[in-house]
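Here's a quick briefing to read with the model open beside you. Take a look at the structure first, then run through the notes below.

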Amino acid sequence: MPCINEDGTLTPSARAVLSAISSPITSEEVAKSTGLPLFRIRSSIREMLEAGLVEEKEEKYVATKLGRAKIEG
Amino acid sequence: MEEKIITEIKEAVSMPRLGEPAPTFEATTTQGVVRLEDFKGGWLILFSHPADFTPVCTTEFMGFAEIHPELKRRGVELLGLSVDSVSSHIAWVRNIEEKMGVKIPFPVIADLDKKVATLYGMIHPGESKTETARCVFVIDPEGILRAMIYYPLTTGRNMQEILRLIDALQTTDKHKVATPANWKPGEAVIVPPPKTQEMAEQRLKEGYECKDWYFCKKKL
């Protein structure tokens, strides 16, 4: 699930995932709250980890300062 | 020359085996980059088709889309594959939606370098050296390959049989039983045969529907 558009904005599905991880949360919990399949959440989070939008804390994920700015922007 | 090429391909391909971990991969799909491990914890049907924009494959994609809700209800995800590009896949699934009114909800791997196809033995050069056969791989929540189906290019798969296979595997896991030929959910299942003479004698007294000591059924 490529999460960042050519112009640097988030895709709708990436925005939904990132919005769900404003506080530390597991992939399974994100899947439940967004209604998206678990494999898409795992794929998306991996991509957002690489882009610095998300960080991992004790097997949970949370949006970084950059990630939060993307949602607000 | 052609014979030599076929021999070389035969030597290079691997065939996955039932009961062993399914070969891992990372692949580009119509829904982004996915890894096999992304599906862990749920069931996965990985299937291949020969090529985009072909009639039999189109009927199969519509069939898979039709059973998708039933599969989701059983905790099963679908993942398609062919040796075509992501752009081709996107154009084809859009075409299916536009012309046939069917939305394709599952991702499709663009296996242009045949990496996944080779790992899973999907290319059968006797049928086609460039296209994947109609393969189905059922992978369980632990990542173990539980069933395989191979169909030739000319024959579309039976979606009800795929649902039946999932039901049979999940019933086996849940109740530790086997399922007879043509079994359908709700019908009697096979009690695993006794392993010792003592157990065989005991079996006939256990109240199952038995034809003989090794052939007993029960209703779930």
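Let's start inside chain A: the axes of helix 1 and helix 3 (residues 38-50) of chain A come within 11 Å and cross at roughly 85 degrees. Helix 1 of chain A and helix 3 of chain A are therefore roughly perpendicular to each other, since angles of 65 to 115 degrees count that way. Keep in mind that this is a predicted model.

**Helix 1 against helix 3, chain A**

- On the helix 1 side of chain A, the residues that meet helix 3 of chain A are S13(A), A14(A), V17(A) and L18(A).
- Their partners in helix 3 of chain A are I41(A), S44(A), I45(A) and M48(A).
- Sort the residues of this contact between helix 1 and helix 3 of chain A by class and you get six nonpolar, two polar and no charged.

**Helix 1 against helix 2, chain A**

- Helix 1 (residues 12-20) of chain A also packs with helix 2 (residues 27-34) of chain A, at an angle of about 120 degrees and with the axes 10 Å apart.
- That angle makes helix 1 of chain A oblique to helix 2 of chain A.
- As for handedness, the crossing of helix 1 and helix 2 of chain A is right-handed.
- Here A16(A), V17(A) and A20(A) from helix 1 of chain A meet V30(A), S33(A) and T34(A) from helix 2 of chain A.
- By class, the contact of helix 1 with helix 2 of chain A comes to four nonpolar, two polar and no charged residues.
- V17(A) is worth clicking on: it is listed in the contact with helix 3 of chain A and also in the contact with helix 2 of chain A.

**Chain B on its own**

- Chain B has 220 residues, of which 28% count as buried.
- Its secondary structure adds up to six helices and 10 strands.
- The C-alpha trace of chain B spans about 65 × 45 × 30 Å along its principal axes.
- Take the contacts in chain B between residues at least 6 apart in sequence: 64% of them join residues at least 24 apart.

**Helix 5 of chain B**

- Helix 5 (residues 159-175) of chain B has 17 residues and reaches 24 Å from its first C-alpha to its last, close to the 24 Å expected at 1.5 Å a residue.
- Right after helix 5 of chain B comes K176(B), with a positive phi near 55 degrees.

**Where the chains meet**

- Nine residues of chain A are in contact with nine residues of chain B.
- The chain A side of that contact has five nonpolar, one polar and three charged residues.

Notes: Residues numbered from 1 in each chain as written. Chains lettered and ligands numbered in written order. Predicted model: local features only at pLDDT ≥ 70, side-chain atom pairs only at ≥ 80, totals over all residues. Contact = placed C-beta atoms within 7 Å. Nonpolar A, V, L, I, M, F, W, Y, C, P; charged D, E, K, R; others polar. Axes fitted to C-alpha atoms, helices over the stretch in contact; angles between N-to-C directions. Helix = DSSP H or I, 4+ residues; strand = E, 2+ residues; numbered from the N terminus. Parallel < 35°, antiparallel > 145°, perpendicular 65-115°, else oblique. Left-handed = near helix turned anticlockwise from the far one by under 90°. Buried ≥ 20, exposed ≤ 12 C-beta atoms within 10 Å, placed from the backbone. Expected span 1.5 Å × (residues − 1).
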